[in-house]
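This briefing goes through a protein model by topic, starting with a strand hairpin and ending with a helix residue and its contacts. Have the sequence and the structure open while reading.

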Amino acid sequence: MKKIITLSLAAIVGLSANVSVKAATTLDDLLREVRNQEQLQQQVNKQRESDFRANKATQDRKLRDARAKLAQAEATATNLQSQFQANELRLTELETELRAKQGNLGELFGVVRQAASSIQGDMGASVISAQYPGRDALLAGLNDSGTPSMSELREFYVLLLQEMTEQGKTTSFTTDVVNKEGITESQTVTRVGAFNLLQGGEYLDYKNGKISHLQVQPGTQILAAMDGYNSAPAGGYGSLYVDPSKGGILRLQALKTSLVDRLFNGEYMGLAGKAVAVLLVVGFAIWLYSFVTLYFVTGPAISRQKKSSTPKNNPLGRIMKVYLANKNEDTDNLELKLDEAVLKETPKIERGINLIKVIAAVGPLLGLLGTVTGMIDVFQSITLHGTGDPKIMAGGISKALVTTVWGLLCAIPLTLLHAVVAGKSKNIIHTLEEQSTGLMAQHEENK
């Protein structure tokens with residue numbers, strides 16, 4: 001019984017999905033359903049066989065057509081193979097004949113291609129190409145072609161002669177130039193051999209087939225020489241700086257940072273540099289106050305007081321008041337009181353001068369501190385990354401030395417300025433002591 005049920009279930013599973021199976025409740029029902037489905041399946045198979053026999057003629061015809069096309073393709077392939085082999089033999093014969101006819105010309109063509117390849121980059125970057133654009137196209141053609149023609153060889157020869165002759169000429173021509181704002185204008189450009197392009201007292205840059213103004217021009221000394229060159233008479237001579245690297249040195253000017261830019265760059269100054277800059281400002285302010293006070297207030301007031309017997313509100317006038325108030329005292333007491341009056345005026349006259357000296361001494365020390373800390377950072381970078389890139393080391397050392405420059409900029413001028421106000425204060429104090437001594441002498445005469 002178990003086997004019968006298993007076979008019946010397998011037969012049900014193999015039926016077409018389009019035929020619905022009625023659920024069987026008993027084994028007899030299941031048997032009837034299986035037999036019905038088997039009859040339906042036989043009918044479907046008979047219909048499929050009938051359809052196949054009806055289309056057999058069409059399938060045979062398609063098969064014959066396919067075999068005919070295959071035979072035709074095989075025949076064509078055989079013919080092409082034969083023709084290919086014949087062409088290969090003919091090509092070999094022609095190559096052998098070509099090598100025999102060329103002889104030593106093969107070496108010549110190799111030298112030409114090598115020369116064209118070596119000078120193609122230089123020719124495209126040469127400032128002569130700014131006046132004669134498109135010259136490197138011929139060189140590219142010589143590199144690509146297997147056997148150059150006589151016309152190409154002649155043009156290559158003329159191109160080399162042109163490059164040699166134009167290197168010794170100074171000519172002017174009109175072309176498109178990109179100004180500093182990025183706008184293309186038609187301008188008259190002067191070419192100095194194969195070195196530089198000039199326009200309007202400035203150097204130009206030629207790169208990637210375009211002429212443009214340099215964003216950063218060289219120093220004033222170099223530009224001044226260009227002015228003398230431009231003002232030279234026709235047919236005369238004039239001195240001019242040229243770039244032997246044909247523009248490389250001039251392009252580096254755009255990357256160059258001036259000392260002033262480095263000094264006022266917060267990244268280069270660091271904390272120590274900023275502190276020195278603050279001290280420099282404070283020291284200059286103190287000096288300015290002392291200078292104005294000594295030279296335009298106290299000094300002139302004492303000079304006027306020396307010519308007047310009426311004491312006024314100035315150091316010498318206050319000393320004269322002390323004298324007038326104690327002129328009836330004996331000589332020793334009067335001398336002590338006058339000395340005391342001079343000593344009282346001295347701190348007011350020397351106010352802030354010693355602080356200028358202290359700032360002038362502390363500034364270099366702070367700058368040296370910034371340099372030492374910067375060098376520590378440089379050596380730490382060398383420890384971590386090695387010395388593979390000298391530019392990194394040079395940049396770090398440059399940053400470290402900026403604080404030293406700030407220290408010297410603080411010390412040198414403040415030291416000189418301190419000498420100016422210190423000398424003036426000493427002269428004023430000497431004048432007060434001299435006038436005090438004169439008052440004592442007058443007191444002795446009046447006894």
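In the hairpin of strands S4 and S5, two residues lie between the strands, and Asn208 has a positive phi near 55 degrees. The model is a predicted one. The points below stay with this hairpin, then cover the other strand pairs, a helix crossing, the aromatic residues and Leu263.

**The S4-S5 hairpin**

- Asn208 sits in the loop that links strand S4 (202-207) to strand S5 (210-213).
- Most residues other than glycine have a negative phi. Asn208 is not a glycine, yet its phi is positive at about 55 degrees.
- Asn208 counts as exposed because its relative accessibility is 71%, and the cut-off for exposed is over 50%.
- The two strands, S4 and S5, are antiparallel and are paired over four bridges.
- One of these bridges puts Lys207 opposite Lys210 of S5.

**Strand S5 and Lys210**

- Which side chains of S5 point to the buried face? Ile211 and His213 point to one face and are buried, whereas Lys210 and Ser212 point to the other face and are not buried.
- Lys210 belongs to strand S5 and, with a relative accessibility of 57%, counts as exposed.
- Pro133 is 77 residues from Lys210 along the chain, and the C-alpha atoms of the two are separated by 9.9 Å.

**The other strand pairs**

- Strand S1 (residues 170-178) and strand S2 (residues 184-192) run antiparallel and are joined by nine bridges. Within this pairing, Thr175 has Gln187 of S2 as its bridge partner.
- The hairpin of S1 and S2 has five residues between the strands, and in its turn Gly182 has a positive phi of about 85 degrees.
- S2 also runs antiparallel to strand S3 (residues 196-199), to which three bridges join it. Here Thr190 stands opposite Leu198 of S3.
- Between S2 and S3 the hairpin has three residues, and Gly193 in the turn has a positive phi of about 55 degrees.
- S3 in turn is joined to S4 by three bridges, again in the antiparallel sense. Gln199 is partnered by Glu202 of S4.
- In the hairpin of S3 and S4, two residues lie between the strands, and Gly200 has a positive phi near 60 degrees.

**Helices H11 and H12**

- How are H11 and H12 oriented to each other? The axes of helix H11 (residues 266-306) and helix H12 (residues 315-325) come within 7 Å and cross at roughly 45 degrees. H11 is therefore oblique to H12, since 45 degrees is neither under 35 degrees nor in the range from 65 to 115 or over 145.
- On the H11 side, Thr298, Ile302, Gln305 and Lys306 make the contact; on the H12 side, Pro315, Leu316, Gly317 and Met320 do.
- Sorted by class, the residues of this contact between H11 and H12 are four nonpolar, three polar and one charged.

**Aromatic residues**

- The structure has four aromatic pairs.
- In the pair of Phe291 and Phe296, the ring centres are 5.9 Å apart and the planes are at 70 degrees, so this pair is edge-to-face. The cut-off for that class is a plane angle over 60 degrees.
- Phe291 and Phe296 also belong to one aromatic cluster together with Phe284, Trp287 and Tyr295.
- Are the two rings' residues buried, partly exposed or exposed? Phe291 counts as partly exposed at 21% relative accessibility, while Phe296 counts as exposed at 57%.

**Leu263 in helix H10**

- Leu263 is part of helix H10 (residues 259-263).
- Leu263 is buried because its relative accessible area is 8%, and buried means under 20%.
- Apart from its neighbours within four places in sequence, Leu263 is in contact with Met269, Val402, Val405, Trp406 and Leu409.
- Gly363 is 100 residues from Leu263 in sequence, and the two are 15 Å apart in space, C-alpha to C-alpha.

How values were computed. Residues are numbered from 1 along each chain as its sequence is written. This is a predicted model: local features need pLDDT of at least 70, side-chain atom pairs count only at pLDDT 80 or more; totals for chains, interfaces and linings use all residues. Side-chain values use heavy atoms; hydrogens and water are left out. Buried means under 20% relative accessible area, exposed over 50%, partly exposed in between (1.4 Å probe, protein chains only). Axes are lines fitted to C-alpha atoms, for helices over the stretch in contact, and angles run from 0 to 180 degrees between N-to-C directions. Contact means heavy atoms within 4.5 Å. Ala, Val, Leu, Ile, Met, Phe, Trp, Tyr, Cys and Pro count as nonpolar, Asp, Glu, Lys and Arg as charged, and the others, Gly among them, as polar. Two strands pair if DSSP finds at least two bridges between them. Rings of Phe, Tyr and Trp (its six-membered ring) pair if their centres lie within 6.5 Å; planes under 30 degrees apart count as stacked, over 60 as edge-to-face and the rest as tilted.
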